[in-house]
Amino acid sequence: MLKVLKIVIAASCLSLSLAFAFRTAPASYSLQSKVNVVVIDAGHGGHDIGTRGKKARESNVALKIALALGHKIKEDSPDVRVLYTRDTDEFIELGERSAFANRNNADLFISIHCNSTPNSHSVRGTETYVMGLHKTNGNLEVAKRENSVILKETNYKQKYKGFDPDSPLAAIMLANYQSAFISSSLRFAGHVEKKFRSVSDRDSRGVKQAGFLVLWRTTMPSVLIETGFLSTPEEEEYLNSEDGQDEVAESILQAFKVYKKQMDN
């Protein structure tokens, strides 16, 4: 009887999550392939510093990489319109980040972040995520950490219809809303990880899928890039340096160039 009750409760929770998702799903989207507008999202900001190392704060590192990347794209592709969800140290709600990209009819959304793990000071490498079902506990924990930003927003329960960033079921239901763009998102993510290896000789931890709120309602191919681990001293030093930030931005630029050429042809 107890087992049956647990199943019923789980099913009810999933139904509620799905109901929330369908009520707030994007109304429309375009499947055009050319890359004319890129929105670069520096994760966190303002009173939300994200994860941190001994010196570096994720919000600061992400912003510097985002601005460097935008500058490089503008220089390489003057025809591309580059926009930022933030270009200063300010707090932007997760829902507004995707809404900003949608309002500006972006063709690609790139969210820049730094990783962390509480259990080790030696884990290193890059990860690029697309919206989807988390396939490992590690993926789920990254998504839960990034989604927990909503706890810093006012009235988040009302804005996100009761979404609980700690709920695995909530992460599952988010996966349905990038299905139209999953192929292009995976393509760009794959180029990013390849260029991290070839351009900057980074350890790539691969392309992964998980339920991220910041990617959820974007109506274009979208990725979230974890540029390295601030919890690992060597990676923190690298990501906190101008050379390291420039190298990360250059790697993403080279991936963008390959992706744009493929999509524009």
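Is D201 buried or exposed? With a relative accessible area of 66%, D201 is exposed, because a residue counts as exposed when this value is over 50%. The answer comes from a predicted model, and the report below describes that model from its overall make-up down to single residues.

## The chain as a whole

The protein chain has 265 residues, and 52% of them are buried. Ten helices and six strands make up its regular elements. Among contacts in the protein chain with a separation of 6 or more, 82% are between residues 24 or more positions apart. The accessible surface of the chain comes to about 12300 Å². Carbon and sulfur atoms account for 52% of that surface.

## Strand β3 and its neighbours

Strand β3 covers residues 108-115. Eight of its eight residues are buried, so the strand is largely enclosed by the rest of the structure. The side on which a residue points makes no exception here: L108, I110, I112 and C114 point one way, F109, S111, H113 and N115 point the other way, and all are buried.

Two strands pair with β3 in the lines of bridges described next. Strand β1 (residues 37-42) runs parallel to β3 and is joined to it by five bridges. One partnership between these two strands is that of V38 with L108 in β3. Strand β6 (residues 222-229) also runs parallel to β3, and six bridges join the two. In this pairing, F109 stands opposite S222 of β6.

Strand β1 has a further parallel partner in strand β2 (residues 81-84), with four bridges between them. Here I40 stands opposite Y84 in β2. To pass from β1 to β2, the chain goes through helix α2 (residues 58-76), and this β-α-β crossover is right-handed.

## Salt bridges

Side chains of opposite charge can pair when their charged atoms come close. The structure holds eleven salt bridges. Three of them are set out in the table, each with the distance between the closest N and O atoms.

| Salt bridge | N to O distance |
|---|---|
| E96 and R103 | 2.6 Å |
| E127 and R205 | 2.7 Å |
| K208 and E127 | 2.9 Å |

E127 takes part in a salt bridge with R205 and in another with K208. The K208 pair links distant parts of the chain, since K208 lies in strand β5 and E127 in strand β4, 81 residues apart. How exposed are the residues involved? E127 is buried, with a relative accessible area of 2%. K208 also counts as buried, at 17% relative accessibility, because the cut-off for a buried residue is under 20%. R205, by contrast, is partly exposed, with a value of 37%.

E96, which pairs with R103, is partly exposed, with a relative accessible area of 32%. Elsewhere, K72, D246 and E250 are linked in a network of salt bridges.

## Residues in two loops

Most residues other than glycine have a negative phi. Against that background, two residues deserve attention. N105 is not a glycine, yet it has a positive phi of about 50°. N105 lies in the loop between α3 (94-103) and β3, and at 57% relative accessibility it counts as exposed.

D201, the residue of the opening question, has a positive phi of about 55° and is not a glycine either. D201 is found in the loop between α7 (182-200) and β5.

R202 is found in the loop between α7 and β5 as well. What is its state, buried or exposed? R202 is buried, with a relative accessible area of 8%, whereas D201 is exposed at 66%. The side chain of R202 makes a polar contact of 3.3 Å with the side chain of E235. Leaving aside residues up to four places away in sequence, R202 touches G125, T126, F196, R197, T227, G228, E235, Y238 and V248.

Technical notes:
Residues numbered from 1 in each chain as written. Predicted model: local features only at pLDDT ≥ 70, side-chain atom pairs only at ≥ 80, totals over all residues. Heavy atoms only, no water. Buried < 20%, exposed > 50% of the residue type's maximum accessible area, 1.4 Å probe, protein only. Pairing = 2+ DSSP bridges. Salt bridge = Lys/Arg side-chain N within 4 Å of Asp/Glu carboxyl O. Right-handed = clockwise from strand over helix to strand, strands pointing away. Contact = heavy atoms within 4.5 Å. Areas by Shrake-Rupley, 256 points an atom, 1.4 Å probe, with all protein chains shown as cover. Polar contact = N/O pair within 3.5 Å; in protein donor to acceptor, adjacent residues only side chain to side chain.
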